[in-house]
Amino acid sequence: MAGTDPRGRAERRSAGALESEVLAALWATDRALTPAEIQSEIGGGLAYNTVHTILKRLYDKGLVLRDVDGRRGAYRPAKNAAELTAEAMHEALDRGPDPIAALQQFVTGLSPREEEALRDLLGGSGP
């Protein structure tokens with residue numbers, strides 16, 4: 001949620017932050033949500049039109065699907081959070097000049113728990 005600036009005015013959230021909040025609201029439920037339901041979930045005085053605009057942007061990016069029921073549309077995520085994160089990681093690796101070096105840097109920053117999970121996923125045993 002947005003806070004306030006030193007003058008007590010509401011701070012504006014970036015489009016990326018709003019998109020993340022909308023996706024989080026959709027991931028938190030097993031059913032499609034209407035823009036009004038998402039607006040209620042997010043709170044913070046966000047205008048209905050703003051929520052609708054964010055949903056349209058997410059739809060145009062292929063991140064949400066729209067279920068049409070008469071004139072009222074409801075939205076659900078096209079991918080779960082893990083799928084979206086993995087996709088972003090693959091895109092980041094593809095952008096860099098040396099994906100192996102990037103992976104090495106990434107792995108050195110893992111927590112012991114994350115490192116153990118990665119070893120399990122790769123089928124290897126620890127040292």
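# Briefing on a predicted single-chain model

At 7% relative accessibility, threonine 34 is classed as buried, because the cut-off for a buried residue is under 20% relative accessible area. This residue belongs to a model that is predicted. Its chain has 127 residues, and 21% of them count as buried. The chain holds 6 helices and 2 strands. The points below treat the overall layout, then threonine 34, the nonpolar core, the salt bridges, lysine 79, the largest pocket and the end of helix 6.

**Overall layout**

- Read from the N terminus, the order of the elements is α-α-α-β-β-α-α-α.
- Among contacts in the chain with a separation of 6 or more, 41% are between residues 24 or more positions apart.

**Threonine 34 and its surroundings**

- Threonine 34 sits in the loop that joins helix 1 to helix 2, the latter covering residues 35–42.
- When residues up to four places away in sequence are not counted, threonine 34 touches Arg72, Gly73 and Ala74.

**The largest nonpolar core**

- The largest nonpolar core contains 16 residues, and those touching the most other members are Val22, Leu26, Ile38, Leu55, Leu58 and Val64.
- At least two residues of this core come from each of helix 1, helix 2 and helix 3.
- Leucine 55 illustrates the packing: with residues up to four places away in sequence set aside, leucine 55 touches Val22, Leu26, Pro35, Ile38, Val64 and Tyr75.

**Salt bridges**

- Side chains of opposite charge can pair when their charged atoms come close.
- A search of the whole structure finds 6 salt bridges, and three of the pairs are described here, beginning with glutamate 19 and lysine 61.
- In the salt bridge between glutamate 19 and lysine 61, the closest N and O atoms lie 2.9 Å apart.
- This pair links distant parts of the chain, since its two members are 42 residues apart: glutamate 19 is in helix 1 (residues 15–27), and lysine 61 is in the loop between helix 3 (48–60) and strand 1 (64–69).
- The two partners have opposite surroundings: glutamate 19 is buried, with a relative accessible area of 11%, whereas lysine 61 is exposed, with a relative accessible area of 52%.
- Lysine 61 counts as exposed because its relative accessible area of 52% is over the 50% cut-off.
- Glutamate 37 forms a salt bridge with arginine 31, and the closest N and O atoms of this pair are 3.2 Å apart.
- Glutamate 37 is partly exposed at 24% relative accessibility, and arginine 31 is also partly exposed, with a relative accessible area of 47%.
- Glutamate 87 and lysine 79 form a salt bridge through their side chains, with an N to O distance of 2.2 Å.
- Glutamate 87 has a relative accessible area of 29% and is partly exposed.

**Lysine 79**

- Lysine 79 lies in the loop between strand 2 (72–77) and helix 4.
- Like its salt-bridge partner glutamate 87, lysine 79 is partly exposed, in its case with a relative accessible area of 27%.
- Apart from neighbours within four places in sequence, lysine 79 is in contact with Trp27, Leu63, Leu84 and Glu87.
- Lysine 79 and valine 64 are 15 residues apart along the chain, and their C-alpha atoms are separated by 7.6 Å.

**The largest pocket**

- The largest pocket encloses about 370 Å³ of space.
- Its lining is made up of 14 residues, and Met89, Leu103, Phe106, Leu110 and Leu118 lie nearest the centre.
- Helix 4 (81–95), helix 5 (99–108) and helix 6 (112–122) are the elements that give two or more residues to this lining.
- Helix 4 supplies the largest share of the lining, 5 residues.
- By class, the lining has 12 nonpolar, 1 polar and 1 charged residues.

**Helix 6 and what follows**

- Helix 6 is hardly covered, as the count of buried residues among its 11 residues is 0.
- Glycine 123 follows helix 6, and its phi is positive, near 80°.

Terms used: Residues numbered from 1 in each chain as written. Predicted model: local features only at pLDDT ≥ 70, side-chain atom pairs only at ≥ 80, totals over all residues. Heavy atoms only, no water. Salt bridge = Lys/Arg side-chain N within 4 Å of Asp/Glu carboxyl O. Helix = DSSP H or I, 4+ residues; strand = E, 2+ residues; numbered from the N terminus. Buried < 20%, exposed > 50% of the residue type's maximum accessible area, 1.4 Å probe, protein only. 1 Å grid on protein atoms, 1.4 Å probe; cavity = no way out; pocket = protein on both sides within 12 Å on 5 of 7 lines; lining within 4 Å. Points joined across faces, edges and corners; volume = space filled by probe spheres on them. Nonpolar A, V, L, I, M, F, W, Y, C, P; charged D, E, K, R; others polar. Contact = heavy atoms within 4.5 Å. Core = buried A, V, L, I, M, F, W, Y, C linked by side-chain atoms within 4.5 Å.
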